[in-house]
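Subject: The structure I promised

Hi,

Here is the structure we talked about, sequence included. Have a look at it, and then read on for my notes.

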Protein chains: 2
Amino acid sequence: MVSYRLAAAAAAAGLASSAVAQTFQRLGGCPTLGCVFPPDQQDFLAGQFFDIRLEVHAPVNGSEATDGVPDENFSLTIGKVGEAAQPVTQFFGLEEPALEAWNFTWYEDLFAADAEAPSVVNVASKAYRRVALYEPGEYEAVLSYNGTNTTAYWLVRDIDEVRKTKNVLLFIGDGMTTNMITAARLIAHKQINGRYQSTMAMDKFPVLGHQMTHSLDSFITDSANSATALYTGHKSSVNALGVYADSSEDPFDDPKVETIAEIFHRIWNGHVGIVSTAFIADATPAALTAHTRDRDQYGAVIDSFIHGIVNYTWTQWSGPDVLFGGGAEQFCSPDLGGETYMDLDYYNVFRDAGYSVISNNTELQAASDSERVLGIFSVSNMAKWLDRNVYTDNLSDQENSPDCLGNDATDQPGLVNMTLKAIDILNTRATANGSETGWFIMSEAASIDKQMHALDYDRALGELLELDDTIKKSIAHLTELGILNETLIVVTADHGHGFDVFGNADTQYLNAQTDDRAKRNAIGSYQESGESQYINTGNLRYADSFFPSNWDPRYTLAQGLGAHPDVRENYQVHKDGPRTPAVNITGFASNDYFVNPKDNPNGFIINGTLPTNAAQGVHSLTDVPVFAMGPCQETFGGVYSSIDVFFHIASCLGLSRPNGPDSGSNTTVPVGSGAGTGGQGGHHGGPGNWNGPKNGVPGYHQYGPNAPRYGGRGPWKQ
Amino acid sequence: MVSYRLAAAAAAAGLASSAVAQTFQRLGGCPTLGCVFPPDQQDFLAGQFFDIRLEVHAPVNGSEATDGVPDENFSLTIGKVGEAAQPVTQFFGLEEPALEAWNFTWYEDLFAADAEAPSVVNVASKAYRRVALYEPGEYEAVLSYNGTNTTAYWLVRDIDEVRKTKNVLLFIGDGMTTNMITAARLIAHKQINGRYQSTMAMDKFPVLGHQMTHSLDSFITDSANSATALYTGHKSSVNALGVYADSSEDPFDDPKVETIAEIFHRIWNGHVGIVSTAFIADATPAALTAHTRDRDQYGAVIDSFIHGIVNYTWTQWSGPDVLFGGGAEQFCSPDLGGETYMDLDYYNVFRDAGYSVISNNTELQAASDSERVLGIFSVSNMAKWLDRNVYTDNLSDQENSPDCLGNDATDQPGLVNMTLKAIDILNTRATANGSETGWFIMSEAASIDKQMHALDYDRALGELLELDDTIKKSIAHLTELGILNETLIVVTADHGHGFDVFGNADTQYLNAQTDDRAKRNAIGSYQESGESQYINTGNLRYADSFFPSNWDPRYTLAQGLGAHPDVRENYQVHKDGPRTPAVNITGFASNDYFVNPKDNPNGFIINGTLPTNAAQGVHSLTDVPVFAMGPCQETFGGVYSSIDVFFHIASCLGLSRPNGPDSGSNTTVPVGSGAGTGGQGGHHGGPGNWNGPKNGVPGYHQYGPNAPRYGGRGPWKQ
């Protein structure tokens, strides 16, 4: 058959080349003046809920200037390719929604930003809420406006509804690349004559893949954007969680796509666990339940964990069994400095919903396996492995206790503790009363990324080794529980940082030199790189684990990122806590970063490769690895898009409903005798309607003033 | 059973920790004063030829000082673990070789090098030539000297002798990483809304693996070292080709290990093709037949291609069917400036051996498929894809014609042309007269590495795209020939460079700024990275291929390596030919590199991260990808050592002889009816003997004066 998708590709390329500045885009996913979200070339899981947003743009000034009046009489038709199309309302059985109108501004390029000359766009728009496509195949969505069309080709993948795994354990090493895994192996595993005597737990996985992280509208992604791709199968934009980003100010009205956690819960009544070493409102955990264009809406993210989405008709959601991480500031009462949604004490909100609330590792170990548990163990991001295990003095004077009373959170669990407990709870609850619903746990090693941003290579690699240790112990624990063979384990990342090791540094020699060029002669490459001196002797707290025994050897790793602010490197461990490589010291410019005078004063300076308002390193392009083992593992080999991680997991969990919303009731969970709860479906084409302000309080947090977006570059989210 | 290998690991670690300076090593693979080569923890293919070298060291001064008199009464016993050991001569049926003696010097660390205070070591040594182990299992080789022992545990892998593929096509992207593949995909393949509309040929391979490149004695490898691991299954040292590096001055007396090409030729009479875009004496092609501790012995490398190793009893070798690449300077008569082995005209040497000799793409296309062909297409490395196809003026004034007459080599083939022709010739010759011997071709994209060294990202990515195009066209050609299903295709690299892309650069904005910090504000990350503007339109010479149509867009890639000399970046294509980022401009220091004043004068400066005597970037640590398709593909998944690439290919080709030298005669080549030629074996334990100077001319090129090795850092080989 003719590939309509390829035809669409050619058409879109032609249009794109007419844009004045392709980098600062009027609106990602919309190269023409008519926008359809989901946009062209998107794939869908059969039965997955999504919203449709249409926008017609009328630029008032700038390179695309029109009369400034958007055509309000636009319309959308949908049909399978080669079949008759229907108006969208008829196709989905919807009522026509209200017309919306707004305007927005943007800068076309850096020259326009410097000149503070924004382009203004008037918008007419409609949104169709919570629809789904079931029948596999290619669909054509045609927006007609101003006598022209914008066509989006959508593909419902032909995936059967057979469930192949009972449980899924998804590990995300945030920002983790193959290069970092190689470096972590080098410092934690012994080699003799080039032969490793032990290897990483990841290295032992039978199936290896690479996923391409290119986002909807930029080739470098942030963690919100990439988590959306991994969890929903839909590429999105920087800062967006579970939505396509529209141009409206409201960060909560953007068109949503249903996540793996939501679908699994809806179809199978599956149990969900969320674990992260970040503040738990951070993008990677948030994207499992939040739907907002602005990842900074932390309070609303926390609310979504327990209530799901309530301002629009959306999928049912009743909270995870386990929510473990940092970020007490989004839970504590505002009286204690909390910055919470609706100014509520979210510890109490969770308690009122029946959660046990715990706040340290001792309570974690003691917690019942049969209750739902909220565990918030620190203000902000949790302590790093290196500080919890080696430089423990750095746990003091942090004033980060999760009760927000200003004490130190000195009894924080590690990712191992949180993940093993999550497995125990999920396994207990998902099998209670003969249930066979299964579970899905996402466990994130967040500070691989956060410490790579800070160019604190030691801490980043420590976090990566803790992730690997968690994987190793999780496999052992699943084996003990007798459920390893019914659990798909996937380890991947959401994006990279341009990191590698290029030799060693003789720190004794470097420290003895007095000028920058002489210090650089301490770097040894090739044969002079020698062997790692971080030799593991297994004598740390994790006695049976692989971590360096000496983080401060004479010969360290010469390593770094290609993308960085001005820095001073001495390639030595930061014993006093996480690194701050660059600071704003000039005083007269608000975002003008130079080398931090307190960072590595004995090192040599490397001036930056990033804009001078960047204080940290940034994400990189590289494909990231995927390791898989367990039922369905074979689907994760080779090279594919980030969205395929979603489709593979969804397929393994039997979440596709190609035969319509009512199918699936006869489908059983593999392994074990219990039947699944069957697909609850949701009616084909439920009306998309705005339910009005939630809890009687008007609106959500606003998306800030109508300032031009893309107003200069950085600082960026992580 | 008890793992003796682990016990050995613990013992060796204890010894290593007593060394004063682990980085500058007295001798790689020998942490004690008694050295056994092959050293501890090495694996062998059953029946693979190798030499044994023993050394007893007596340091005269320095941290390990002794009386300076090495024990000459050392002895070696060998036996399977758990069985009685025998003296080495008895075990292999050898006569006792002559005792050798020499001394060498080394610097213990950078302070010693600065002080010019070398440590001197007196050595007593013996070498046992061309032995082999057949019976799978663990062996213990114990060197006794001075009342103590050095034990090496060796493993003969238990691999059956069943042949699973008829042909092997091995592609090596020198220095190629996953990060680079990602960048190449971005500039050459169209995406719409985050979805690639086409992907790389590599991306389509069904099996993906990662290989760990850690070398015998340093964690950063060079290409000689890593090629040895890939071709022999034995880790080696920087600059070493097909040998373990001993401490003697002679670069040709080091203990050899038989290569995949040699074994395939010996056992199956298999046909071999060697293709590279480098000068053909360069490390990656050289390592298929050369055995020397010094990769710079270019003349001897060329001789090894046609004559194999003749100064010692070694495996039979009668030359490849195809040898294509650059490097005329090692072929032309010295009268024309050639620097050849024995001052011979090597074009004539090859002609005399029956080779057709060709010198340009026209002759390549016209060459007979039934003759052996030597194709040398330029002096030095061959022209880059970007210069052959886009900036063609750069082919002029190179004075690099392969006849060494000083004309320009303007009609150079690309890797595609050379590889497709190699397939035609190998396929014709390997099937002539009903033969079913099969073939092995190694095709190297050498200048991915060479241009990454030069920080010339555009040219490096162009070379990578040419490699991918070669893979694509080779698959199509094998399909046309009807031999795709009997050909194992493996694509891998030998090491990485710490490269990644971190955003875009608005070159128009960058060029309009006048100071370095302002220029950096042209870099866009995350959402500002936008979409690639190198959009492929397929209108280049390779009309059906994927290359950028515009190498000079306004928005380019912001990219780079973490390891570099002082550089000035403007992220714009170098239209005048390959880049030279740093030069020695101070005049008073012989190796003191600064930014090249002619390179990117409108860019911003980044001071280096490497020693100031480094003019280029250096290799990095990262695991590199392995893509496999065809018979036996399944063995290449997951994460493994670089040596496993050898063992997997050897296993697929049926090269293991676990039942002794005379087995294998009944083994047939898969696919097709002809029987293999059977293993020719070679007698178990042929005497190791020095055959004296070759061709009546005394000695080989010497290994230079007895200057201390490790005398300061860099410059390094690639």
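To start with a puzzle: is Glu258(A) buried or exposed? Please keep in mind throughout that this is a predicted model.

Glu258(A) turns out to be buried, as its relative accessible area is 0%. Its partner in a salt bridge is Arg266(A), with N and O 2.8 Å apart. Arg266(A) has a relative accessibility of 4%, and since buried means under 20%, that residue counts as buried too. So this salt bridge has a buried residue at each end.

There are plenty of other charged pairs to look at. Over all chains, the search gives 70 salt bridges. One of them is in chain B, where the side chains of Lys126(B) and Glu96(B) meet at 2.8 Å, N to O.

Now for how the two chains sit together. On the chain A side, 122 residues are in contact with chain B, which contributes 120 residues of its own. The size of an interface is often given as the accessible area lost when the parts come together. Here chain A and chain B bury about 10,400 Å² between them, and 56% of that is on carbon and sulfur atoms.

The polar side of the interface is worth a look as well. Between chain A and chain B there are 12 salt bridges. Among them is the one from Arg520(A) to Asp566(B), whose closest N and O atoms are 2.8 Å apart. The rule also finds 57 residue pairs in polar contact across this interface. Sorted by class, the side of chain A that touches chain B has 51 nonpolar, 46 polar and 25 charged residues.

What about symmetry? A turn of 180° with a shift of 0.0 Å along the axis lays chain A on chain B, with an RMSD of 0.0 Å. That is the relation of a two-fold axis. If you want to find the axis on screen, go to Gly562(A): its C-alpha is 2.2 Å away, the closest approach of any residue of chain A. The copies meet through the same surface, because 98% of the interface residues of chain A are also interface residues in chain B.

Last, the interior. The largest nonpolar core has 182 residues, and Met202(A), Phe324(A) and Phe324(B) have the most contacts inside it. Leaving aside neighbours within four places in sequence, Met202(A) is in contact with residues including Met176(A), Leu464(A), Val491(A) and Phe627(A).

Cheers

Technical notes: Residues are numbered from 1 along each chain as its sequence is written. Chains are lettered from A and ligands numbered from 1 in the order in which they are written. This is a predicted model: local features need pLDDT of at least 70, side-chain atom pairs count only at pLDDT 80 or more; totals for chains, interfaces and linings use all residues. Side-chain values use heavy atoms; hydrogens and water are left out. Contact means heavy atoms within 4.5 Å. Buried area is the accessible area (1.4 Å probe) that two parts lose on being put together, summed over both. A salt bridge is a side-chain nitrogen of Lys or Arg within 4 Å of a carboxyl oxygen of Asp or Glu. A polar contact is a pair of N or O atoms within 3.5 Å; within protein, one must be able to donate a hydrogen and the other to accept it, and residues adjacent in sequence count only if both atoms are side-chain atoms. Ala, Val, Leu, Ile, Met, Phe, Trp, Tyr, Cys and Pro count as nonpolar, Asp, Glu, Lys and Arg as charged, and the others, Gly among them, as polar. Copies are superposed by least squares on the C-alpha atoms of residues with pLDDT of at least 70 in both. A nonpolar core is a set of buried Ala, Val, Leu, Ile, Met, Phe, Trp, Tyr and Cys residues joined through side-chain atoms within 4.5 Å. Buried means under 20% relative accessible area, exposed over 50%, partly exposed in between (1.4 Å probe, protein chains only).
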